[in-house]
Number of protein chains: 2
Amino acid sequence: MDQPLRVGVAGLGTVGASVVRILSRRENALGRGGRGIRLVGVSSRTRNRDRGIDIDRCAWFDDPVAMARSQDLDCFVELIGGSDGVAKAAVEAALDAGKHVVTANKALLAAHGLDLAKLAEKRGVALAFEASAAGGIPVVKTLREALAGNEIIRVSGILNGTCNYILSRMEQEGLSFADCLADAQRLGYAEADPTFDVGGFDTAHKLSILASLAFGTEIDADAIYVEGISSITPLDLKMADDLGFRIKLLGVAERSKSGIEQRVHPTMVPKDSAIAQVMGVTNAVTIDADAVGEITLVGPGAGGDATASAVVADISDVARGRVGAPFGLPTARLDKLKRAPMQRHEGGYYVRLSVLDRPGAAAAIATRLAQADISLESIVQRRAETPNDDPEQRSHRAVPVVLTTYATSETAIRAALEKVIADGHIAEAPQLIRIERE
Amino acid sequence: MDQPLRVGVAGLGTVGASVVRILSRRENALGRGGRGIRLVGVSSRTRNRDRGIDIDRCAWFDDPVAMARSQDLDCFVELIGGSDGVAKAAVEAALDAGKHVVTANKALLAAHGLDLAKLAEKRGVALAFEASAAGGIPVVKTLREALAGNEIIRVSGILNGTCNYILSRMEQEGLSFADCLADAQRLGYAEADPTFDVGGFDTAHKLSILASLAFGTEIDADAIYVEGISSITPLDLKMADDLGFRIKLLGVAERSKSGIEQRVHPTMVPKDSAIAQVMGVTNAVTIDADAVGEITLVGPGAGGDATASAVVADISDVARGRVGAPFGLPTARLDKLKRAPMQRHEGGYYVRLSVLDRPGAAAAIATRLAQADISLESIVQRRAETPNDDPEQRSHRAVPVVLTTYATSETAIRAALEKVIADGHIAEAPQLIRIERE
C-alpha cells in the first residue's frame with residue numbers, strides 16, 4: 001500500500017475549517033479507495049482561534065509559503081484567496097517544489113491560470129480547482145472529463161449565489177435592490193463591500209474558468225463583458241413577470257460566428273425554463289454540447305461545507321493518481337481565445353424607457369427602432385398612477401414604456417437608443433436587459 | 001507519446017453507431033489530451049447494413065467474444081445489451097484477457113456487477129459504465145469521484161424517459177395510460193413490449209447501480225421494491241394537480257434506520273420542486289449528501305448520441321489512465337447491502353378510493369385510519385357527475401374519495417386499507433401513491 005498523501009491546508013476560514021473537518025471525519029472512507037489522505041500541516045493568519053477543529057496533531061506554519069515548500073507535504077491546498085500576494089506566492093512555491101496544488105481561488109485562476117497550469121505541467125503535478133467555479137457543483141470535472149466526446153457549444157449559468165438571492169427576494173417581495181442587499185449583508189450572504197459580487201466580477205472569474213475548459217482556450221477573464229445587477233428595479237422584475245420572464249444574473253460563454261462570446265449580465269429567461277426555477281443562493285450551470293445535448297447541474301455554489309466537498313474531491317483525485325492537464329489539454333494545445341466583441345452579440349432585448357408623456361413620443365421611439373431594422377415583439381405602456389387631464393403638466397412627467405425586440409444586434413439596439421435619447425423624449429437613461437430564450 | 005488506445009465496439013445499434021461517429025469526428029480532440037484513441041474493431045449481428053458510419057478501416061468480427069479476446073484490442077466496448085448470453089460472455093472474455101471494458105448495459109451490471117468488478121480488479125483493468133445509469137448525465141462519475149468527501153444520504157431520480165414521457169403527456173393532455181403508451185411506441189420512445197420500462201424494471205436496474213456507488217454496497221437489484229406506472233389514471237393526475245403535486249416514477253435509494261431502502265414507484269412530488277419540472281423524456285438525479293447538501297443533475301437519459309457521449313467519456317478516462325475501482329471501492333471493501341424492508345418505509349400517502357355512496361361509508365373509512373393512528377392531511381370527495389336523489393340507487397354507485405396522510409408506515413396504511421376493503425364500502429381496489437415532500 002502506498003504512503004498516505006500528505007496534505008497541508010493554507011487558510012482556515014469557513015472553507016478551510018470544513019476541509020479539515022471532512023478529512024478527519026472521512027479519513028477511513030477516503031482511505032478505503034486506495035491511498036490514504038493525511039492532514040500534516042495548516043497555516044492561517046491567527047493561530048489561537050477556536051474553529052471547532054482539531055489541528056493539534058499537525059504542524060503549524062505562520063507562513064503559507066514555507067508550508068508550500070515543506071518536505072513533509074505532497075499536496076498544498078490553497079484557501080487563502082486573492083489574485084495575487086501570498087496566495088499566488090504560495091501556489092507558485094508549491095508547484096515549483098513539485099507539490100500538487102488544490103485551490104478554490106477563482107480570482108487567482110482568472111488572473112494567472114495559464115501560467116500556473118504551465119508550471120504544474122512542467123513539474124508533472126496537479127493543479128486542481130473544482131471548488132473555484134460553482135462551489136459544490138462538479139462542473140469542472142463534467143466539462144474536463146465527462147464531456148470529452150463532445151464539442152461544447154455553450155456554457156451558461158447562475159454562478160453567484162448573492163446575486164441570485166437578491167434578485168429572488170426582489171422578485172418575490174417587490175423590494176428594492178438596496179433593501180435586499182442590506183438583508184443579504186445582514187445574513188452573511190454578501191460582503192461588506194459587495195461590488196465584487198453584485199458588479200458581476202465574481203461571476204466573470206468563474207465563467208473564465210468554465211470557458212477555458214469548455215472551448216480548450218487560454219483563460220482570458222479580461223475578454224469578458226460584465227454588467228452587474230444594481231440597476232435592476234422592482235418594476236423590471238414586475239414587467240419581466242408580466243412578459244413571462246424572470247431576471248437572473250447569467251454568465252454565458254458560447255461559440256459565435258465571430259469567436260467566443262463571454263458575457264455576464266442580468267438576463268431575461270423564460271419563467272418555465274430550468275434556469276428560472278433556481279432561486280435563492282443556489283447555483284446552476286447548463287451545458288449545451290453536440291453529442292449529449294443539454295445538461296444542467298444544480299446545487300450550492302458557496303458555503304463552507306459545499307465548497308469543501310469539492311476541495312476534498314480534488315484531493316481524493318490526487319490521492320488516486322488522477323492527475324491530468326489542469327484545463328483538460330496540455331497548455332501548448334490550448335487555443336488563444338478569439339474574443340467575439342459584445343457589439344456583435346445578437347439576441348432579443350428588453351428595453352424600459354421613461355417616456356415624457358407628450359403626443360408623438362411613442363411614435364418617434366418606434367420610428368427610431370424601425371429605422372434600425374429592429375422588430376418589436378411587444379410594447380407595454382403602463383398607465384400613469386395619477387391621471388392628469390392637463391397636457392402641459394403631462395408633458396413634464398415620465399411614464400414607463402417597455403419594449404421587447406426580436407433578435408437584433410447589440411450595435412443596432414445601442415445606436416437606435418442613442419437616437420431616442422437625442423430626440424429628447426425620455427427622462428432618464430434607458431434600461432436594457434438581454435433576453436435568452438433557450 | 002504512448003500508443004493510441006485500441007478500441008473495439010460490439011453492438012452497432014443507435015448507441016454503437018453514434019460511438020463510432022464520435023470517435024471518428026473527435027479523433028484529433030481526444031488525442032490532444034495525451035494518448036490517442038483508435039477504433040480497430042467492430043462486431044454486430046448483421047454486417048451489411050447502412051449505418052451511416054465508416055467502419056471499412058477496422059476489423060470486422062462476427063463473434064463479439066472473439067473480438068473481446070483479440071490481441072489487437074486494449075478496450076472492449078459492450079453495447080449488445082441483455083443481462084446474460086453473448087453480452088456477458090464477451091465482457092467476461094475481455095476482462096479475463098486483461099482488456100478494459102466500457103459498457104452501457106444496466107441489466108448486465110444489475111445481475112452480475114459484483115462478479116464482473118471482481119474480475120476487473122483481479123486483472124487490473126477498468127470496468128466503466130457511465131452510460132448505464134442515466135444516459136448522458138455524468139452521475140456515475142459524480143457519485144464515484146466528485147462526492148468522495150461526502151457521506152451520501154439519498155439518491156433519487158427520474159431514470160426512465162419512457163415513463164416520464166407518458167406521465168407528462170397524461171398530465172398535460174388528460175389522456176389515458178394506454179393512449180400515451182401507444183403514442184410513445186409510435187414515436188419510438190417505448191419498445192413493442194413495454195413491460196421493462198413501464199413496469200419500473202429499467203429504473204430498478206439503474207437504481208441498483210447508483211445505490212452501490214452511493215453507499216459503498218454490493219449491487220443488489222433483487223432488494224429493490226418495484227411498482228410501475230400502468231395503474232396511474234388521469235384522475236390521479238388531476239387530483240395530484242389539485243393537491244399541489246405532480247406524479248413521477250422515481251427510483252429512490254436512501255439510508256433509513258433499518259438499512260438501505262431501494263424502491264421504484266410512482267411518487268407525488270411537490271409541483272414547485274426541481275424534480276417536478278423535469279418533463280418528457282428528460283432524466284434527473286438528485287443526490288443528498290452530508291457535506292455538499294443537495295445537487296441535481298438534469299439531462300437526456302437515453303438516445304444514441306447522449307448515451308454515446310457517456311461511453312466516449314469512459315473510453316477517454318481509460319485512455320488517460322483514470323482506471324479505478326468500478327464501484328468506487330475495492331470489491332472486498334463493499335458492504336453487503338442491508339435491505340430495509342418496504343413494510344418499514346415511512347412517509348405520506350395519497351389514497352384514492354371508490355367509495356359506495358352510502359351513509360356512513362366515509363365515516364367508517366376515516367375511523368379505520370384513525371384506529372391505525374394515521375393522521376389525515378386532506379380529504380377530497382368529488383361530487384358525482386350525475387346527481388341522484390334516490391339513496392338506494394346511490395348506494396350502488398361509487399364516488400372517488402381521495403385522502404392524503406401525514407407520515408405513517410407502509411405496514412400501517414396497508415393494514416388499515418385491508419380493513420377498509422373488508423368493511424365492504426369500496427367498489428374497487430384502492431389506489432396508493434407515496435408522497436415525497438423533499
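1. Chain A is divided into three parts: domain 1 (5-134), domain 2 (148-300) and domain 3 (345-435). The model is a predicted one. Between the C-alpha centres of domain 1 of chain A and domain 3 of chain A there are 53 Å. A pair of residues in chain A can be set beside that value: A:Gly41 and A:Ala415 are 374 residues apart along the chain, and their C-alpha atoms are separated by 58 Å.

2. How are the two chains related? Two copies of a chain are related by a rotation about an axis and a shift along it. Here a turn of 180 degrees, with a shift of 0.0 Å along the axis, lays chain B on chain A with an RMSD of 0.0 Å. This is the relation of a two-fold axis. Within chain B, the C-alpha nearest the axis belongs to B:Leu297, at 2.3 Å from it.

3. The contact between the chains comes next. Chain B gives 43 residues to the contact, and chain A gives 43 residues. On the side of chain B that touches chain A, at least two residues come from each of α2 (27-32), α7 (139-146), β12 (293-300) and α13 (304-319) of chain B. Sorted by class, that side of chain B holds 20 nonpolar, 13 polar and 10 charged residues. Of the interface residues of chain B, 100% are also interface residues in chain A, so the copies meet through the same surface.

4. Which strands pair across the contact? Strand β12 (residues 293-300) of chain A is joined to β12(B) by three bridges, and the two run antiparallel. In this pairing A:Leu297 stands opposite B:Leu297. B:Leu297 is also the residue of chain B whose C-alpha is nearest the axis.

5. Helix α13 of chain A covers residues 304-319, which is 16 residues. From its first C-alpha to its last it reaches 22 Å, close to the 22 Å expected at 1.5 Å a residue. Is α13(A) enclosed or open to the outside? Of its 16 residues, 15 are buried, so α13(A) is largely enclosed by the rest of the structure. After α13(A) comes A:Gly321, with a positive phi near 80 degrees.

6. Strand β10 (residues 259-270) of chain A is mostly covered, with 10 of its 12 residues buried. It has several pairing partners, taken one by one here. With strand β9 (residues 245-256) of chain A, β10(A) shares 12 bridges, and the two run antiparallel. A hairpin of two residues joins β9(A) to β10(A), and A:Leu250 stands opposite A:His265 in β10(A).

7. The other pairings of β10(A) listed here are parallel. Strand β8 (residues 225-226) of chain A is joined to β10(A) by two bridges and runs parallel to it; A:Tyr225 has A:Arg263 as its bridge partner in β10(A). Strand β17 (residues 431-435) of chain A is also joined to β10(A) by two bridges, in the parallel sense. There A:Thr267 stands opposite A:Arg434 in β17(A).

8. In chain B, an open sheet of six strands has parallel pairing and the order β3-β2-β1-β4-β5-β6. Which strands lie at its edges? They are β3 (59-61) and β6 (127-128) of chain B, each pairing on one side only. Strand β1 (residues 5-10) and strand β4 (residues 75-78) of chain B pair in the parallel sense over four bridges. B:Val9 has B:Val77 as its bridge partner in β4(B).

9. A:Gly41 is found in strand β2 (residues 37-43) of chain A. Is A:Gly41 buried or exposed? A residue is buried if 20 or more other C-beta atoms lie within 10 Å of its own. A:Gly41 has 23 C-beta neighbours inside 10 Å, so it counts as buried. Apart from neighbours within four places in sequence, its contacts include A:Gly8, A:Cys58, A:Phe61 and A:Asp72.

10. B:Asp74 is found in the loop between α3 (64-69) and β4 of chain B. With 20 C-beta neighbours inside 10 Å, B:Asp74 counts as buried. Leaving aside neighbours within four places in sequence, B:Asp74 is in contact with B:Leu5, B:Arg6, B:Lys99 and B:His100. B:Asp62 is 12 residues from B:Asp74 in sequence, and their C-alpha atoms are 19 Å apart in space.

Technical notes. Residues numbered from 1 in each chain as written. Chains lettered and ligands numbered in written order. Predicted model: local features only at pLDDT ≥ 70, side-chain atom pairs only at ≥ 80, totals over all residues. Contact = placed C-beta atoms within 7 Å. Nonpolar A, V, L, I, M, F, W, Y, C, P; charged D, E, K, R; others polar. Pairing = 2+ DSSP bridges. Domains from an automatic or database assignment. Least-squares fit on C-alpha atoms with pLDDT ≥ 70 in both. Expected span 1.5 Å × (residues − 1).
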